[in-house]
Amino acid sequence: MLPVLSAQRRRIAFFSITMSLGLLMIGLLPGLVWYTKAISFIFAPFVMAGVAAAVLAWAPSKRGWLECIGTGVLLGGGLGALTRFDGLVGLPLAIAISAALVMVLHEAWASKLPLQLSFVSSAAGHVRGDGAELWAAVVPGAGDSLVSERLIDIEADPNDPGHNTFYCALMACGELAEEVTLTLLEQDSSGTARIHIEGEDAMGVMSSGILTIKVTEMDPDTTHIELHETREGMMAGEVIERWFDDVLAGELRHLQAHFLKVNPPEPADRSAEAAAGLPEAKAAANLAPAEARAMLPKPKAPRQMKDLAKLPEDHLTLQAVRQAVSD
């Protein structure tokens, strides 16, 4: 659950801030004095963040409602604050605007609107691994499977003689979000691949675009990756939702965590005490002498020599070896 909340930090922050500001302007608690309202406003973002986390945990398919409701409450509160009857005007406006945004962006009216938008996203960072490992993990067909936070299933197109077409099912917040066809357009020796994407979202709306992947090996243990995606033909609600999901940044974090687990730091990167199996200096300093000694590696028992009588009488002794060397 924590990785999901971390990936949704944009949405949680937006919802908590807009709800807190909107409710303050609506003035739902007119009987409170100013300092009580100030204290309530300080704690309101934390309460709203908890509400957003609950929605993401139990109703992830409705996560797009959060930004709609937050925007509606903020606009309703702002318009209501311009009148003398802020609460009487602001609250109905907040409800009406929130409901309208949900209907237009995510529900029945969303597919009926002729509005189609383009969406551009990118992410870049370092990954602990060599270039070949990373290339096989992110380019379809280059390895056994793709390493992706969103991937549910992938299958190669048996009718493609070039083996460049793949069918994928992708998820968001634990639910099926999109069915995608990936076609590898080109790949070159510089570590760059261009992939055509044709996807159908949960509402049956088709979109297409290009995903560009560039892999640059910095050293044998570190590789830099750049991800850039352009999609066209997306509904406004899907564009907003994808921005709050921060899809490519989530994929990058997943790659970094995966390769850090696959390629953990070498013993040389750790302290000498840890490499030798000894207790850390700070931890050992807080222990009693007897406890510190107990943490040290146990010395191996000396090997017992048996049947010494079976050795030949003329075997070399240490004194004989020294005598031979001196001669």
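**A walk from the largest cavity to the sheet and helices**

By class, 18 nonpolar, 1 polar and 6 charged residues line the largest cavity. The model is predicted. About 390 Å³ of space lies in this cavity. Of its 25 lining residues, Ser148, Leu170, Leu182, Leu211 and Glu251 are the closest to the centre. Helix H8 gives the most to this lining, with 4 residues. Helix H6 (131-138), strands E3, E4, E5 (192-201), E6 (206-219) and E7, and H8 each supply at least two residues. In total, the structure holds 3 cavities of 30 Å³ or more.

Several of those elements are strands, so turn to the sheet. How many strands does the open sheet have, and in what order? There are 7, in the order E1-E7-E6-E5-E4-E3-E2, and the pairing is antiparallel. Strand E1 (117-128) and strand E2 (151-156) stand at the edges. Each has a single partner strand, so one side of each is left without a neighbour in the sheet. From one strand to the next, the twist averages 20°.

Now follow some of the pairings. Start at the E2 edge. E2 and strand E3 (residues 165-172) run antiparallel and are joined by 5 bridges. Here Ile154 stands opposite Cys168 in E3.

Next come E4 and E5. They run antiparallel, with 9 bridges between them. Thr183 has His196 in E5 as its bridge partner. The hairpin of E4 and E5 has 4 residues between the strands. In this hairpin, Gly191 takes a positive phi near 90°.

E5 also pairs with E6. These two strands run antiparallel and are joined by 9 bridges. Glu200 has Met206 in E6 as its bridge partner. E5 and E6 form a hairpin too, with 4 residues between them. Gly204 sits in the turn and has a positive phi of about 85°.

Two helix packings come next. Helix H8 (residues 247-262) lies across E1 and strand E7 (222-234). H8 runs at about 20° to E1. H8 is also the element that gives the most to the lining of the largest cavity.

The other packing pairs helix H2 (residues 9-26) with helix H7 (residues 236-245). Their axes come within 6 Å and cross at roughly 105°. Angles of 65 to 115 degrees count as roughly perpendicular. H2 and H7 are therefore roughly perpendicular to each other. On the H2 side, the contact is made by Arg10, Arg11 and Phe14. On the H7 side, Glu241, Trp243, Phe244 and Asp245 take part. By class, this contact has 3 nonpolar, no polar and 4 charged residues.

Last comes the largest pocket, with a volume of about 680 Å³. Which residues are the closest to its centre? Of the 35 that line the pocket, they are Arg63, Ala172, Ala177, Glu241 and Asp245. Glu241 and Asp245 also belong to the H7 side of the contact with H2. H7 gives the most to the pocket lining, with 5 residues. The elements that give two or more residues are helix H1 (2-7), helix H4 (64-81), helix H5 (86-106), E3, strand E4 (175-187), H7 and H8. E3, E4 and H8 each supply at least two residues of the largest cavity's lining as well. By class, the pocket lining has 15 nonpolar, 7 polar and 13 charged residues.

Methods: Residues are numbered from 1 along each chain as its sequence is written. This is a predicted model: local features need pLDDT of at least 70, side-chain atom pairs count only at pLDDT 80 or more; totals for chains, interfaces and linings use all residues. Side-chain values use heavy atoms; hydrogens and water are left out. Two strands pair if DSSP finds at least two bridges between them. Axes are lines fitted to C-alpha atoms, for helices over the stretch in contact, and angles run from 0 to 180 degrees between N-to-C directions. Contact means heavy atoms within 4.5 Å. Angles under 35 degrees count as roughly parallel, over 145 as roughly antiparallel, 65 to 115 as roughly perpendicular and the rest as oblique. Ala, Val, Leu, Ile, Met, Phe, Trp, Tyr, Cys and Pro count as nonpolar, Asp, Glu, Lys and Arg as charged, and the others, Gly among them, as polar. On a 1 Å grid over the protein atoms alone, a cavity is a set of points where a 1.4 Å probe fits but cannot get out, and a pocket is an open set with protein on both sides within 12 Å along at least five of seven lines; lining residues have an atom within 4 Å of a point. Grid points are joined across faces, edges and corners, and a volume is the space filled by probe spheres set on the points.
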